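Colleague: I would like to learn how to read a protein model feature by feature. Could we go through one together, with the general idea before each case?

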Amino acid sequence: MNPRRPDLLAAGAALVTVILWASAFVSIRSAGAHYSPGALALGRLLAGVLTLGIICLVRREGRPPRAAWPGILVSGILWFGVYMVVLNWGEQQVDAGTAALVVNIGPILIALLGARILGDALPPRLLAGMAVSFAGAVTVGLSMSGEGSSSLLGVVLCLLAAVAYAGGVVAQKPALGSASALQVTTYGCLVGAVVCLPFAGQLVHEAADAPVSATLNMVYLGVFPTALAFTTWAYALARTTAGRMGATTYAVPALVVLMSWLALGEVPGPLTLAGGVLCLAGVAVSRSRSRAAAAGPRPAKATESA
């Protein structure tokens, strides 16, 4: 077996995650015009739970062990529940530049919390890459913000989303030590759906009036950016540090620019392209290793026999 195969599989899973999360922004723009933040989050989570539940039945996945439940509950409440609602709400209150600035604090918080709570290392390459990517994310956001406005409520909501995202990721990491990625994702999504049940009335009312395209986009969000992407995220997170996985998500703004260009015909300007390049460059730096680390420990020299 190729010794690098696990690393390649984890990198592939992370790539699937960031591509699907980037595609979510295009779908949210359609569904969000007809669904309120809470209703959209609940509909997305219900579609995700249904998809994940079917997969678990087919694979005969049992319930997670007791040791995994604290992490599943915390990540389900914070990341699947609070994060999805407040992010949908916050992005209705602020322009894209402000959202990019505030929400992209999340990966930085993940690295800091991971170091503090999980004992993850903070290598210089990770910190440097995150700094470059953060600058790129802000550049992309500012270049696409146009004449939008920002409110104090929107800034607070985006900040809460970033904190909930970071806390959810750091809580999820220990759970993956005793449960599979599919188990952690399925039950975390279920917890998030339960948290969002107060919005059930809004979802039913708005679904009756929403166009089919908006509802299909909501279902897409649940099946792919939630069920599939959160599972591939958990798979990759189980095989690397929380900080490095958080830094990987800085590729999302660059992919959003590309997808908006291809799907919506929104031609990016030079500043937007420059920001996207910075995002990708920072991710490359943050996930790289020094030559010494890549080579591993040097073998000891053989001593000559007497």
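Modeller: Let us begin with helices: helices (H or I, at least four residues) and strands (E, at least two) are DSSP runs, numbered from the N terminus. The expected span of a helix is 1.5 Å times one less than its number of residues. Please keep in mind that this is a predicted model, in which local features need pLDDT of at least 70 and side-chain atom pairs count only at pLDDT 80 or more, while totals for chains, interfaces and linings use all residues. Residues are numbered from 1 along each chain as its sequence is written, and side-chain values use heavy atoms, with hydrogens and water left out.

Colleague: How many helices and strands does the chain have?

Modeller: The chain has 14 helices and zero strands. Helix 2, which covers residues 37-59, serves well as a case, for its 23 residues reach 33 Å from the first C-alpha to the last, close to the 33 Å expected at 1.5 Å a residue.

Colleague: What follows helix 2?

Modeller: Helix 2 is followed by R60, which has its place in the loop between helix 2 and helix 3. The phi of R60 is near 60°, a positive value in a residue other than glycine.

Colleague: How should I read the words buried and exposed?

Modeller: Buried means under 20% relative accessible area, exposed over 50%, and partly exposed in between, using a 1.4 Å probe and protein chains only. R60, with a relative accessible area of 79%, is therefore exposed, whereas L40, which is found in helix 2, is buried at 3%. Over the whole chain of 306 residues, buried residues make up 48%.

Colleague: Which residues, although far along the chain, can I compare in space?

Modeller: Take L40 once more: the C-alpha atoms of L40 and V85 are separated by 8.0 Å, while the two residues are 45 residues apart along the chain. T226, found in helix 10 (residues 212-237), counts as buried because its relative accessibility is 0%, and its C-alpha lies 8.6 Å from that of L20, although T226 and L20 are 206 residues apart in sequence. In helix 6 we find M130, which is buried with a relative accessible area of 4%; M130 and R244 are 114 residues apart in sequence and 9.1 Å apart in space, C-alpha to C-alpha.

Colleague: How do I recognise a salt bridge, and how many are there by this rule?

Modeller: A salt bridge is a side-chain nitrogen of Lys or Arg within 4 Å of a carboxyl oxygen of Asp or Glu, and by this rule the count comes to one. The side chains of R59 and E61 meet in a salt bridge, at 3.8 Å from N to O. R59 is exposed, with a relative accessible area of 56%, and E61 counts as partly exposed at 24%.

Colleague: Which side chain of opposite charge is nearest to the buried D120?

Modeller: For such questions, Lys and Arg count as positive and Asp and Glu as negative, while His and the chain ends are not counted. D120 lies in the loop between helix 5 (106-118) and helix 6 (124-144), and the nearest side chain of opposite charge is K173, 6.3 Å away, so that D120 is buried yet has no salt bridge. The backbone nitrogen of A242, however, lies 3.3 Å from a polar atom of the D120 side chain. E206, in helix 9 (residues 200-209), is likewise buried without a salt bridge, with R44 as the nearest side chain of opposite charge at 14 Å, and the side chain of E206 reaches the backbone nitrogen of S36 at 2.8 Å.

Colleague: How are pairs of aromatic rings read?

Modeller: Rings of Phe, Tyr and Trp (its six-membered ring) pair if their centres lie within 6.5 Å; planes under 30 degrees apart count as stacked, over 60 as edge-to-face and the rest as tilted. By this rule the count comes to 11 aromatic pairs. The rings of W69 and Y187 have their centres 5.4 Å apart and their planes at 75°, so this pair is edge-to-face. The pair links distant parts of the chain, with W69 in helix 3 (residues 69-90) and Y187 in helix 8 (residues 181-195), 118 residues apart.

Conventions
A polar contact is a pair of N or O atoms within 3.5 Å; within protein, one must be able to donate a hydrogen and the other to accept it, and residues adjacent in sequence count only if both atoms are side-chain atoms.
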